[in-house]
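This report describes selected local features of one protein chain. The sequence and structure are shown first, and the account follows them.

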Amino acid sequence: MNTVPIPVGPPLWLLAELTYKCPLHCVFCYNPTQHARIQDEMSTKQWVSVMQQARKLGAAQLGFSGGEPLLRDDLVELVQEAHRLGYYTNLITSGVGLTPAKAQALKDAGLDHVQLSFQDSTKELNDFLSHTRTFELKQRVARLIKAHDWPMVLNCVLHRHNLPHVRKIIDMAVALEAEYLELANTQYYGWAWINRDHLMPTREELEEAEALVTQFRIEQEGKTGSKTRVLFVVPDYFEERPKACMNGWGSVFLSVAPDGLAMPCHNARDLPNLALPNVKDTPIAEIWQRSNAFNAFRGDSWMKAPCRTCDERHKDFGGCRCQAFMITGDPANADPVCSKSPHHEKVVQLVAQAPTRRHIPIVFRSDDESRHLHPVP
């Protein structure tokens with residue numbers, strides 16, 4: 001791994017993962033499967049210090065996430081401080097806990113934007129996938145968001161269970177007057193990695209859904225007035241080239257976990273031999289600019305073949321380090337979704353084998369670690 005400091009710009013996007021606690025139990029949750037072990041959440045004072053330090057470095061956008069950030073009693077106070085510091089703030093929420101009183105308090109504190117998750121356009125599948133009864137609550141929360149004049153993004157994670165409902169999901173977003181609908185096909189980390197055989201669609205199912213999105217966009221072109229913009233994020237496993245994960249390791253994105261661990265991406269905690277620093281005892285500037293963890297995969301000196309000589313290495317940065325580790329066992333390998341990777345066939349096999357492995361029990365996000373079943377790739 002590269003441990004020599006490399007000139008780098010500011011961490012423009014700060015993600016504050018305030019808590020791993022969540023009332024939902026989604027089968028595709030990206031939070032660590034061992035999140036129940038992480039008990040030592042940072043205090044209000046510690047989070048304020050993180051926001052102040054990151055803002056001083058140049059961070060401009062701040063997302064409050066989790067778990068469910070509304071479970072933190074100090075959320076309004078943290079939003080108020082972020083607004084005072086000049087951040088553009090975004091609440092990433094399931095909607096559970098966003099009462100009219102809490103919404104007004106957050107509005108008064110200066111919250112700029114809300115991203116609300118749905119699991120499906122139907123009550124039955126939404127509630128099954130989250131293992132809760134929250135569909136009608138989410139409908140009410142969506143209307144509450146609009147009543148407070150917040151820009152609203154609806155987010156729906158796609159997989160084989162709800163891909164056939166894509167047009168209905170779009171119609172729901174339009175009816176709720178969402179400015180954006182993010183159709184984010186499942187990325188296989190955390191619980192989604194455990195449940196990938198249940199979640200992974202066929203290429204035909206994916207293409208049919210994408211065609212419906214394209215059709216909707218064409219229909220929108222001839223309309224006037226407010227429109228819902230639809231973003232369709234294709235899952236990595238069905239691509240021939242990797243995405244520029246997090247816009248490059250340690251390039252613009254800084255995530256801070258509930259216990260203070262600083263990470264260049266949501267799932268860096270799972271990478272081996274990566275001593276992630278903690279904001280409780282290390283200044284943000286030191287972490288961002290000089291820590292071994294954040295410099296590990298910056299630049300291209302860490303790259304192996306074929307990335308090291310690839311013409312696209314400064315475009316995709318070798319792809320996702322967590323994906324490389326989970327599939328090949330080495331985070332320094334080329335992202336195996338890339339057709340140039342010597343491990344690409346493993347991705348092809350994962351996609352092909354998924355329909356034959358759906359007898360394995362589905363695992364809902366849980367605090368009970370005995371239920372964390374890890375099927376072998």
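## Unusual backbone geometry

In this predicted model, the loop that joins β2 (61–65) to α2 (75–85) contains Gly 67. The peptide bond leading from Gly 66 into Gly 67 is cis, with omega near 20°. A cis peptide bond is also found from Ala 305 to Pro 306, with omega near 5°. Pro 306 belongs to the loop between α11 (292–295) and α12 (313–316). As background, most peptide bonds are trans, and most residues other than glycine have a negative phi.

Two residues other than glycine have a positive phi: Glu 177, near 65°, and Asn 273, near 55°. Glu 177 sits in the loop between α6 (166–175) and β6 (180–185), and Asn 273 in the loop between β9 (262–263) and α10 (284–290). Glu 177 has a relative accessible area of 52% and therefore counts as exposed, the cut-off being over 50%. Asn 273, at 76%, is likewise exposed.

## Packing of α2 against α3

Helix α2 packs with helix α3 (residues 100–109) at an angle of about 20°, and their axes are 8 Å apart. Because angles under 35 degrees count as roughly parallel, α2 is described as roughly parallel to α3. On the α2 side the contact is formed by Leu 75, Val 76, Val 79, Gln 80 and His 83, and on the α3 side by Lys 102, Ala 105, Leu 106 and Ala 109. The crossing of these two helices, α2 and α3, is right-handed.

## The nonpolar core and strand β5

The largest nonpolar core comprises 111 residues. Those with the most contacts inside this core are Met 51, Phe 64, Tyr 87, Leu 106, Leu 154, Leu 183 and Tyr 237. Leu 106 is also among the α3 residues that contact α2. For Leu 154, the contacts beyond four places in sequence are Leu 116, Phe 118, Ala 173, Leu 176, Ala 178, Tyr 180, Leu 181 and Glu 182.

Met 152 lies in strand β5 (residues 152–158). Its relative accessibility is 0%, so Met 152 counts as buried. Leaving out residues up to four places away in sequence, Met 152 touches Val 114, Ala 142, Ile 145, Lys 146, Leu 176, Glu 177, Ala 178, Glu 179 and Tyr 180. One of these partners, Glu 177, is the exposed residue described above. Another partner, Tyr 180, is 28 residues from Met 152 in sequence, while their C-alpha atoms are 6.7 Å apart in space.

## Helix α13

Helix α13 (residues 321–328) is mostly covered, with six of its eight residues buried. The buried positions are Arg 321, Cys 322, Gln 323, Ala 324, Ile 327 and Thr 328. These buried residues of α13 pack against two other helices, α7 (190–194) and α14 (344–353). After α13 comes Gly 329, which has a positive phi near 90°.

## Annotated region

An unreviewed UniProt entry lists residues 8–219 as "domain: Radical SAM core". Across residues 8–219 the chain is 43% helix and 17% strand. The C-alpha atoms at the two ends of this stretch are 42 Å apart.

Definitions and conventions:
Residues are numbered from 1 along each chain as its sequence is written. This is a predicted model: local features need pLDDT of at least 70, side-chain atom pairs count only at pLDDT 80 or more; totals for chains, interfaces and linings use all residues. Side-chain values use heavy atoms; hydrogens and water are left out. A nonpolar core is a set of buried Ala, Val, Leu, Ile, Met, Phe, Trp, Tyr and Cys residues joined through side-chain atoms within 4.5 Å. Buried means under 20% relative accessible area, exposed over 50%, partly exposed in between (1.4 Å probe, protein chains only). Contact means heavy atoms within 4.5 Å. UniProt positions are given in the numbering used here, feature names are shortened, and annotations may be inferred rather than shown by experiment. Helices (H or I, at least four residues) and strands (E, at least two) are DSSP runs, numbered from the N terminus. Axes are lines fitted to C-alpha atoms, for helices over the stretch in contact, and angles run from 0 to 180 degrees between N-to-C directions. Angles under 35 degrees count as roughly parallel, over 145 as roughly antiparallel, 65 to 115 as roughly perpendicular and the rest as oblique. A crossing is left-handed if the near helix is turned anticlockwise from the far one by less than a right angle, and right-handed if clockwise.
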